[in-house]
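This briefing goes through a structure by topic: domains, chain contacts, symmetry, one loop residue and one helix. Please read it with the sequence and the model open.

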Number of protein chains: 4
Amino acid sequence: MDYQKILFDIYSELKGTDNKGKVASYIPELANINADKFGIHLLTIDGGSYGIGDFNERFSIQSIAKVFSLSLAYKIYDKKLWGRVGVEPSGNPFNSLVQLEYESGVPRNPFINSGALVICDILTDTLKNPKIDVLNFIRKLAGNESINFNYKVAESEKKSGYRNAALINLMKSYGNIKNDVDEVLDFYYHLCSVEMSCNELSQSFMFFANEGVHKNEKILNGSQTKRMNALMQTCGFYDEAGEFSFKVGLPGKSGVGGGIAAVHPGKYTVVSWSPKLNRKGNSYLGMKALEVLTTKTKLSIF
Amino acid sequence: MDYQKILFDIYSELKGTDNKGKVASYIPELANINADKFGIHLLTIDGGSYGIGDFNERFSIQSIAKVFSLSLAYKIYDKKLWGRVGVEPSGNPFNSLVQLEYESGVPRNPFINSGALVICDILTDTLKNPKIDVLNFIRKLAGNESINFNYKVAESEKKSGYRNAALINLMKSYGNIKNDVDEVLDFYYHLCSVEMSCNELSQSFMFFANEGVHKNEKILNGSQTKRMNALMQTCGFYDEAGEFSFKVGLPGKSGVGGGIAAVHPGKYTVVSWSPKLNRKGNSYLGMKALEVLTTKTKLSIF
Amino acid sequence: MDYQKILFDIYSELKGTDNKGKVASYIPELANINADKFGIHLLTIDGGSYGIGDFNERFSIQSIAKVFSLSLAYKIYDKKLWGRVGVEPSGNPFNSLVQLEYESGVPRNPFINSGALVICDILTDTLKNPKIDVLNFIRKLAGNESINFNYKVAESEKKSGYRNAALINLMKSYGNIKNDVDEVLDFYYHLCSVEMSCNELSQSFMFFANEGVHKNEKILNGSQTKRMNALMQTCGFYDEAGEFSFKVGLPGKSGVGGGIAAVHPGKYTVVSWSPKLNRKGNSYLGMKALEVLTTKTKLSIF
Amino acid sequence: MDYQKILFDIYSELKGTDNKGKVASYIPELANINADKFGIHLLTIDGGSYGIGDFNERFSIQSIAKVFSLSLAYKIYDKKLWGRVGVEPSGNPFNSLVQLEYESGVPRNPFINSGALVICDILTDTLKNPKIDVLNFIRKLAGNESINFNYKVAESEKKSGYRNAALINLMKSYGNIKNDVDEVLDFYYHLCSVEMSCNELSQSFMFFANEGVHKNEKILNGSQTKRMNALMQTCGFYDEAGEFSFKVGLPGKSGVGGGIAAVHPGKYTVVSWSPKLNRKGNSYLGMKALEVLTTKTKLSIF
């Protein structure tokens, strides 16, 4: 498979199209991004590395970070996690309080905001220094020590994050948050502010394609790895998980910074970045790029 | 892979366990089933056929039939279908009216009751004799002309189906049902009453594992087939699609008759039957059987 | 109090204003009404009768009829009614299914559609000929034997009443409807189709102002009468009961035909009619007329 | 009317009954109250003062305080208030987030927690020292300078008030809270912690029975006073406003401290106190006491 040519074709085909998405504006610091950025990086399980466009430029990974915090929590707690957060798609926007209230403070899955906050709460119980420990976990997976938080973005989100404050206080009222809400929110906002390139993200997602193994180290066991992939498949794209599964057919996770990281187990990881988002909060061009990829390769998990 | 031994092991392991499920009682005719029935049949893409237990006995396939009606409608209308029914998981019980009201009569996906009713309405527009035409489609896929409706079950469901009548009338009030509600309901209840064995179901699902091809005939094209599999993955198990994806990792569809049909694209189809259902309406033993299967084979789509 | 002058002033003041309402269009037969009709009739407890505009012309009373069917059912069953229907405002549109589903088929109150259908179901159990018996009850209260159903309107509603069919089927699925759904719907649509004038309605509501007494006959006892008034106060105007209570301050009931009947206990009844409805389904001019009335008289129940 | 005898009869009748209510436990400081306390005080518009039981003992007025803050805000802003909070009953528990989310952060009415928080936010904009100013307003109405906050109760509520924090953050995310959330919450909790006796409350509610006049001072004008009474009628008892209206037939407001203050416009105010609450959060004995009162006097606003 000539992946470099495929990426080139996708890039050429989409670069000129009318991008109907809009840059996320609710986090002031993110609104300043150059909206025309566009990059893709694909990494095969045997080490083939293919990039096009702005694939080496770092961007705010936002919700993609939830995959790393969950992996770390899953590694530590295994099945015990699932008493405090579900594994079902939400059928609702990513930050809805309605479902959380009807279901007594137990989030539907760890990738909606409420679920990711519960994971942050759980890690706060365990890790000595949650922020640094998760950052180091990400640095190891990506193989780059210079990856860091963007403190301005974290601060900017904290200042405008009233809905997340509502979510975590609601869960606290149901007893599903153990630590101080401000401490957990601080951890959460730093986590989301991490900046990585498509290239670095495809490295750090490789263990999901490789039965849980990162450079001879078992990050998750085989069953856990499959389950992480299943979760990304059914819950990784907010209220558009079905659409992504339907059109792209790969497990993955998106972020409002415009990144999408996806996994073809046993074959490759692929990461796209384009800041303009569709109505459901996923990268407009990124969704299309990955759809064209699995159409051109005629390969998906289905 | 010695599938016969694996089926034998699964059967032996589960046959004696405490089955905490309950036979569906809301359809009086279905409540009379022998609750201890248990069978599995696995069919590989190269024709290997493996069965254990009651795999040759016919049962009421119920919602599994929705896969056949959708396939037929998809074959005829292709993308035009998706204006009237979505492809997102519902995050709600299979027969909830709440979401349908908030989303103005457009069902979330074609596998919840409301969505399946829309598909029946669409087929009623096109097919000369919808009931017979769908039945013949199923007979062809299964290779058995004796497959038939159970008229008593269809009648029994119609008499107690007030919630489905509520769903279809609500959609009609939004203009998303074109035909007479009683005619569409009659079609729907007959469809759900079809009786097949695990063996026959695994035959009739084989084209999903085989890029859309049934005995040299293209039932669906490659892209459509992948998308049907994706839909089964994200929406095939009511409000337990995430759980099934998480634990089993295969696209599939369940029915309240206790059947579960699943697909490993490129490899096999597998169908289990055990009438007792868990709290979410899926076969208690069937869910476990398929979980053990993908654990033992260490193979899933993830 | 010179009621005739007050009515004249209200009429003069409002007749020329810009009526921003819209005639109900969902029942085809009702859409043909002359939208400029406007009448008011006020009847004092000591027999003073005051009218202005089209107060002697009959119109479709629609939901105002629910007050009559409820009175009859309350007379027969007294407290036993409240096991099958609540007495709380709904906080939702008049025909919402959401609340009905969350509250397992028990309507919030007898004035939303679902609640009125339950009352029709209850009367179907008891009365020999529900349609005729309720009609005769209304004729007696209004003192006019020529009051009748409009069969065309009843038929028109039945043909387009898919949402009501959804409501009643949903309640039937919860066991809160005992009779055949079509029979109850037929009763309900006829009830709503009754045609009366402002004058006749003010006569027939007089017993609510008069401790339950109609021409020396006790229709309801004192406690029941107060409770009917309380119900009209909190639930008589769909999702605008608070607004009406706030601005007008009288118990009352509206209908989509543009009528509003209100009661000042111990003082008078007043009925307005103007077909154009506001966004919440209540008569635009009627709401204003009654607000001006209680402002000018400086009298309300508060 | 011999009110003293009536109060005596009510007290005797109810004192011995099986009180099925439960003291509110979610605010730790409130849980310590003697659950058997029971008092009633009735004050007629012409100065007749009648008390029985513990009517001179102060208790935590909790949500009854919302009537005072709203009166003050209404006095200052008049109609401008209603752009930020509605006047409709909620049809939901007092602290539900669901409706608030569907209605984009605008609370249904000023007596549910979210609405009361908006009123506190509005007063924070205007008053120099909101806490002291409202306290002085209450002291004036009650004619007693020793009325005060209970700082322990305020602190106790703040520490356990995660759901209120969720509500106010959600509204802040919709732009319907202008001030710092912690400042508004602090004001709100102090307000709810005010302690008054039945006697003092009946004094301070008297202007609602007296066309807005307190000792020759116009607190609210006639129209505003009627509207406050209308609001208490439709929204004063959480999700039991209909029930109270139905059984008691007076405007009023309850608090989780077990108090209920009610108004018969032009006649009297009456306040009961008994700490055990029914399932809906209103005083079990208080609801009954006022029902017996309007039954015995045969007088209500209906």
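In this predicted model, 29 residues of domain 1 of chain A are in contact with 27 residues of domain 2 of chain A. The domain assignment of chain A gives domain 1 as 3–58 + 195–213 + 223–297 and domain 2 as 63–192. The points below start with this contact and then turn to the contacts between chains.

**Domains of chain A**

- Taken over C-alpha atoms, the centres of domain 1 and domain 2 of chain A are separated by 21 Å.
- On the side of domain 1 of chain A that touches domain 2, the elements giving two or more residues are strand 5 (195–196), helix 9 (198–204), helix 11 (222–235), strand 8 (252–254) and strand 9 of chain A.
- Helix 11 of chain A gives the most to this side of domain 1, with 6 residues.
- Sorted by class, this side of domain 1 of chain A has 15 nonpolar, 9 polar and 5 charged residues.

**Contact between chain A and chain B**

- Chain A and chain B each bring 31 residues to their contact.
- Two elements of chain A, helix 11 and helix 12 (241–247), give two or more residues to the side that touches chain B.
- Helix 11 of chain A gives the most to that side, with 9 residues.
- Helix 11 of chain A therefore appears in two settings: it is the element that gives the most to the side of domain 1 facing domain 2, and it gives the most to the side of chain A that touches chain B, where the copies meet through the same surface because 100% of the interface residues of chain A are also interface residues in chain B.
- The side of chain A that touches chain B divides into 11 nonpolar, 13 polar and 7 charged residues.

**Contact between chain C and chain B**

- In this contact, 12 residues of chain C meet 12 residues of chain B.
- Helix 3 (98–102) and helix 7 (162–173) of chain C are the elements that give two or more residues to the side that touches chain B.
- Helix 7 of chain C gives the most there, with 8 residues.
- The residues on this side of chain C are 6 nonpolar, 3 polar and 3 charged.
- 100% of the interface residues of chain C are also interface residues in chain B, so these copies meet through the same surface.

**Chain pairs without contact**

- Chain A and chain C do not touch, and their nearest C-alpha atoms are 10 Å apart.
- Chain B and chain D have no contact either; their closest C-alpha atoms lie 10 Å apart.

**Symmetry**

- Chain A is superposed on chain B by a rotation of 180° with 0.0 Å of shift along its axis (RMSD 0.0 Å).
- That is the relation of a two-fold axis.
- In chain A, the C-alpha nearest this axis belongs to A:Gly91, at 2.3 Å from it.
- Chain C is superposed on chain B by a rotation of 180° with 0.1 Å of shift along its axis (RMSD 0.0 Å).
- For chain C, the C-alpha nearest the axis is that of C:Ala166, at 1.9 Å.

**A:Pro265**

- A:Pro265 is in the loop between strand 9 (259–264) and strand 10 (268–273) of chain A.
- A:Pro265 counts as buried because 21 other C-beta atoms lie within 10 Å, and the cut-off is 20 or more.
- Leaving out residues up to four places away in sequence, A:Pro265 touches A:Ala209, A:Asn229, A:Ile301 and B:Phe302.
- A:Pro265 and A:Leu250 are 15 residues apart in sequence, and their C-alpha atoms are 8.7 Å apart in space.

**Helix 6 of chain D**

- Helix 6 (residues 151–160) of chain D has D:Val153, D:Ala154 and D:Glu157 as buried residues.
- These buried residues are on the same side of helix 6 of chain D because they cover an arc of only 100° around the axis.
- An α-helix has 3.6 residues a turn, so residues three or four places apart point the same way.
- The buried residues of helix 6 of chain D pack against strand 4 (59–60) and helix 8 (181–192) of chain D.
- On the face turned away from the buried side, helix 6 of chain D carries the exposed residues D:Tyr151, D:Lys152 and D:Lys159.

Technical notes:
Residues are numbered from 1 along each chain as its sequence is written. Chains are lettered from A and ligands numbered from 1 in the order in which they are written. This is a predicted model: local features need pLDDT of at least 70, side-chain atom pairs count only at pLDDT 80 or more; totals for chains, interfaces and linings use all residues. Helices (H or I, at least four residues) and strands (E, at least two) are DSSP runs, numbered from the N terminus. A residue is buried if 20 or more other C-beta atoms lie within 10 Å of its own, exposed if 12 or fewer, and partly exposed in between; C-beta atoms are placed from the backbone. Two residues are in contact if their C-beta atoms, placed from the backbone, lie within 7 Å. Domain bounds come from an automatic or database domain assignment. Ala, Val, Leu, Ile, Met, Phe, Trp, Tyr, Cys and Pro count as nonpolar, Asp, Glu, Lys and Arg as charged, and the others, Gly among them, as polar. Copies are superposed by least squares on the C-alpha atoms of residues with pLDDT of at least 70 in both. The arc is that of the directions from the helix axis to the C-beta atoms.
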